[in-house]
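This briefing goes through a single protein chain by topic, from its overall build to individual residues. Please keep the sequence and the model in view while reading.

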Amino acid sequence: QVQLVESGGGLVQAGGSLRLSCAASGRTLSTYTMDWFRQAPGKEREFVAAIFWNGGSTSYADSVKGRFTISRDKAKNTVYLQMNSLKPEDTAVYYCAARQSWYSTEYDYWGQGTQVTVSS
């Protein structure tokens with residue numbers, strides 16, 4: 001059984017940085033596209049970033065471009081989200097997810113989420 005476990009969330013002041021990690025266990029996800037989503041209170045879950053299985057392609061939501069960087073370490077079966085210049089509007093629960101194809105809209109696995117709170 002595959003598990004995705006996020007970590008690295010916390011409380012940070014506006015302008016600060018955090019690095020989230022998503023560790024996969026149960027099987028290798030080295031061929032999967034990995035995504036980060038977030039959900040703020042009272043809002044729908046929204047896409048944040050994605051990375052192709054080999055790291056060759058990435059995609060970002062406009063709201064985080066230039067501030068967030070997604071990366072992966074296939075040897076560690078882990079995906080990262082480096083978040084810089086954080087804003088209060090980045091406050092949300094952040095989730096990682098895995099899909100079999102860059103072109104797929106169906107996600108096979110989800111993590112339980114990690115809270116990020118940015119104070120003004």
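**Overall picture**

Of the 120 residues of the protein, 42% count as buried. The model is a predicted one, and every value given below is computed from that model. The protein has zero helices and 11 strands, and the chain carries one disulfide.

**Fold and dimensions**

- Read from the N terminus, the elements follow the order β-β-β-β-β-β-β-β-β-β-β, in line with a count of 11 strands and zero helices.
- The radius of gyration is 13 Å, which is close to the 14 Å given by the globule rule for 120 residues, and the protein is therefore as compact as a globular protein of that length.
- Along the principal axes, the C-alpha trace spans about 40 × 25 × 25 Å.
- Among the contacts in the protein with a separation of 6 or more, 56% are made by residues that lie 24 or more positions apart.

**Surface and charge**

- The protein exposes about 6,300 Å², and carbon and sulfur atoms supply 46% of that area.
- There are 12 positive and 10 negative charges in the protein, and the mean positions of these two sets are 6 Å apart.

**The disulfide**

- C22 and C96 form the disulfide, with their sulfur atoms 2.0 Å apart, a separation that lies within the 2.5 Å cut-off applied to a pair of cysteine sulfur atoms.
- The pair links distant parts of the chain, since C22 lies in strand β3 (residues 18–25) and C96 in strand β9 (residues 92–99), 74 residues apart.
- The link of C22 and C96 is right-handed, with 60 degrees about the S-S bond.
- Both partners are shielded from the probe, C22 being buried and C96 likewise.
- As general background, a disulfide is a covalent bond between the sulfur atoms of two cysteines.

**Residues in strands**

- S21 is found in strand β3, the strand that also holds C22.
- With a relative accessible area of 15%, S21 is buried, because buried means under 20%.
- Once neighbours within four places in sequence are left aside, S21 is in contact with V5, E6, S7, W36, T78, V79 and Y80.
- G10 has its place in strand β2 (residues 10–13), and at 25% relative accessibility it counts as partly exposed.
- Leaving aside neighbours within four places in sequence, the contacts of G10 are L18, Q115, V116 and T117.
- G10 and L86 are 76 residues apart in sequence, while their C-alpha atoms are 12 Å apart in space.

**Loop residues with positive phi**

- N77 is a residue other than glycine with a positive phi, near 55 degrees, and its place is in the loop between β7 (68–73) and β8 (78–83).
- At 18% relative accessibility, N77 counts as buried, a value that falls under the 20% limit for that class.
- S85 is not a glycine either, yet it has a positive phi of about 50 degrees, and its place is in the loop between β8 and β9.
- S85 is partly exposed, with a relative accessible area of 41%, which lies between the 20% and 50% limits.

**Other buried loop residues**

- S30 has its place in the loop between β3 and β4 (33–39), and at 19% relative accessibility it counts as buried.
- Not counting neighbours within four places in sequence, S30 is in contact with W53, R72, K74 and N77, and the last of these, N77, is itself in a loop.
- D90 is placed in the loop between β8 and β9, where S85 is also found.
- D90 is buried, with a relative accessible area of 1%.
- Apart from residues up to four places away in sequence, D90 touches R38, R67, F68, S85, V116 and V118; of these contacts, S85 is partly exposed, and V116 is also in contact with G10.
- D90 and S120 are 30 residues apart in sequence and 11 Å apart in space, C-alpha to C-alpha.

Key:
Residues are numbered from 1 along each chain as its sequence is written. This is a predicted model: local features need pLDDT of at least 70, side-chain atom pairs count only at pLDDT 80 or more; totals for chains, interfaces and linings use all residues. Side-chain values use heavy atoms; hydrogens and water are left out. Helices (H or I, at least four residues) and strands (E, at least two) are DSSP runs, numbered from the N terminus. Buried means under 20% relative accessible area, exposed over 50%, partly exposed in between (1.4 Å probe, protein chains only). The radius of gyration is taken over C-alpha atoms; the globule rule is 2.2 Å times the number of residues to the power 0.38. Contact means heavy atoms within 4.5 Å. Accessible areas come from the Shrake-Rupley method with a 1.4 Å probe; for residues, only the protein chains shown count as cover. Lys and Arg count as positive and Asp and Glu as negative; His and the chain ends are not counted. The place of a charge is taken as NZ of Lys, CZ of Arg, CG of Asp or CD of Glu.
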